[in-house]
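Biologist: Got a minute to walk me through this one? I'd like to go over the fold and then some individual residues.

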Amino acid sequence: MIDTDTSGRLTGHMSWTLRLEVAVSNRLLAYSPMPETVPPTQWRRIAPVVRSMGFLAVAAGPYGPDAIMTPLARLAAWVETQGLPLEPSVILDQSTVERFILIGCHGMAANSRRTCSSQLRRVSEAFLLDQLGQHPPIRLKAAATPVAPYPPTEVARWLIWAQSLPTPAQRRNACLLLCLGIGCGLAVEDLVHVQGQDIHAGPTGRALVKVHGRRPRTVVCRYAYEELLLAEAADIPAGTYAFRPDWQDRTSKHVASDWLAKYPRIIGRCDGAVLQAQRLRTTWLVDLLNAGIPLQVILRASGLATLHSLSRYLVFLHDVPEAEAFDLLRGVPA
């Protein structure tokens with residue numbers, strides 16, 4: 001509808017209508033957050049705007065009501081406590097969502113926080129595009145470039161270095177880092193939680209390491225490192241951390257790198273020699289792949305979830321001669 005005001009200018013009044021399916025509408029209307037998530041008194045105040053944003057989110061398509069209503073309710077409740085206007089254009093603004101993820105979600109588990117962040121960002125982008133005509137932020141993505149494995153000669157030098165450090169504690173930390181990294185393929189987040197009770201000898205002398213955390217499993221140490229691993233772990237008390245038992249913050253990502261920064265050199269080598277925990281794990285993975293070990297065995301031992309996680313290491317695998325490749329493909333007995 002168009003009319004004129006007293007200044008003689010034309011004024012346009014426009015509206016639009018969109019109907020959701022009855023089942024979807026009922027779920028939006030029936031939704032109520034848990035009292036510990038949003039108190040009932042606060043929910044009564046913010047329910048209309050949360051349902052409005054839920055309608056926008058479902059209409060735009062990123063998520064259904066069962067997935068998105070709780071994150072939206074958390075976000076709106078936090079916005080109200082910050083004294084911001086309860087309007088979708090404010091609540092779903094990119095800067096508001098980012099502040100909520102950084103400040104308002106500090107009590108959530110890491111995985112839940114990442115999921116909430118992903119959901120709200122997608123809804124925000126859909127709202128910016130559909131309602132305000134703004135384009136979502138440009139996503140920049142770089143190809144993953146894994147660190148190269150250590151060549152065998154360098155691994156040998158690192159073993160010499162580890163066993164030549166001046167104090168028993170330094171030698172033990174260095175040997176355990178090498179054995180758990182290149183012998184068992186543990187990432188830093190797994191390695192730092194290994195205790196004395198988690199390292200033990202299994203049948204036929206093999207060394208077993210029990211891994212805790214988000215990827216629990218039991219790993220068999222590679223033959224070349226099992227004797228050294230068992231020897232270094234023999235005197236570690238059951239409930240004591242194996243690597244750097246004096247380090248208090250076991251959640252820190254710098255437990256290994258901080259310690260390695262103190263001992264960057266190998267005797268007889270150039271000053272630029274650096275030992276990296278990630279390269280130790282890469283060396284272990286590439287060795288297993290080159291050995292032709294079944295992929296499901298590697299995935300289970302490494303804690304990786306998909307074959308795609310291993311694809312980045314294909315560039316480091318040994319070339320197979322054409323004649324050998326033909327025999328392997330044909331199935332000729334060795």
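Modeller: Sure, we can start with the overall picture and then go through the sheet, the helices, the cysteines and one odd loop residue.

Biologist: First things first, what kind of model is it, and how many helices and strands are in the protein chain?

Modeller: It's a predicted model. The protein chain has 15 helices and 5 strands.

Biologist: And what share of the 334 residues is buried?

Modeller: Buried residues come to 39% of them. On contacts, taking pairs at least 6 apart in sequence, 59% link residues at least 24 apart.

Biologist: OK, the sheet. What's the strand order, and is the pairing parallel or antiparallel?

Modeller: The order is β3-β4-β5, an open sheet of 3 strands with antiparallel pairing. β3 (199-201) and β5 (217-220) are the edge strands, each pairing on one side only. On average, neighbouring strands are turned by 30° against each other, ignoring direction.

Biologist: How many bridges hold β3 to β4, and how many are there between β4 and β5?

Modeller: There are 3 bridges between β3 and β4, the latter covering residues 207-211. β4 and β5 pair over 4 bridges. If you want residues to click on, His200 sits opposite Leu208 in β4, and Val211 sits opposite Arg217 in β5.

Biologist: Which side chains of β5 point to the buried face?

Modeller: Arg217 and Val219 point to one face and are buried. Thr218 and Val220 point to the other face and are not buried.

Biologist: What about the hairpin of β4 and β5, how many residues are between the strands?

Modeller: There are 5 residues between them, and Gly213 in that hairpin takes a positive phi near 95°.

Biologist: Switching to helices. Which residues of α10 are buried, and what covers them?

Modeller: Helix α10 spans residues 223-233, and its buried residues are Tyr225, Glu226, Leu228, Leu229, Glu232 and Ala233. The cover includes α7 (152-162) and α8 (168-183), along with β3 and β4 from the sheet.

Biologist: Hang on, why does Glu232 count as buried?

Modeller: Because its relative accessibility is 18%, and the cut-off for buried is under 20%. Glu232 touches Arg172, Cys175 and Leu176, leaving out residues up to four places away in sequence.

Biologist: And Leu159, where does it sit, and what does it touch?

Modeller: Leu159 is in helix α7. Leaving out residues up to four places away in sequence, Leu159 touches Leu178, Tyr225 and Leu228. Its C-alpha is separated by 8.5 Å from that of Ala174, 15 residues apart along the chain. Leu159 counts as partly exposed because its relative accessibility is 21%.

Biologist: How do α8 and α12 cross?

Modeller: Their axes come within 7 Å and cross at roughly 40°, with α12 covering residues 277-290. The two helices are therefore oblique to each other.

Biologist: Which residues meet there?

Modeller: From α8 you have Leu177, Leu178, Gly181, Ile182 and Gly183, and they meet Leu280, Arg281, Thr283 and Trp284 in α12. By class, the contact has 5 nonpolar, 3 polar and 1 charged residues.

Biologist: Now the cysteines. How many disulfides do you count?

Modeller: The count is 0 disulfides. Cys179 is in none, with the nearest cysteine sulfur, that of Cys221, 5.9 Å away. Cys179 counts as buried because its relative accessibility is 0%.

Biologist: Which cysteine has the closest sulfur to Cys221, and why is there no bond?

Modeller: That's Cys184, but its sulfur is 3.8 Å from the one in Cys221, which is too far for a bond. The cut-off is within 2.5 Å. Cys221 is buried too, with a relative accessible area of 4%.

Biologist: Last one. What's the phi of Arg244, and where is that residue found?

Modeller: Arg244 has a positive phi of about 50°, although it is not a glycine. Most residues other than glycine have a negative phi. Arg244 is in the loop between α10 and α11 (255-260).

Biologist: Buried or exposed, that arginine Arg244?

Modeller: Buried: Arg244 has 5% relative accessibility.

Definitions and conventions: Residues numbered from 1 in each chain as written. Predicted model: local features only at pLDDT ≥ 70, side-chain atom pairs only at ≥ 80, totals over all residues. Heavy atoms only, no water. Pairing = 2+ DSSP bridges. Axes fitted to C-alpha atoms, helices over the stretch in contact; angles between N-to-C directions. Buried < 20%, exposed > 50% of the residue type's maximum accessible area, 1.4 Å probe, protein only. Contact = heavy atoms within 4.5 Å. Parallel < 35°, antiparallel > 145°, perpendicular 65-115°, else oblique. Nonpolar A, V, L, I, M, F, W, Y, C, P; charged D, E, K, R; others polar.
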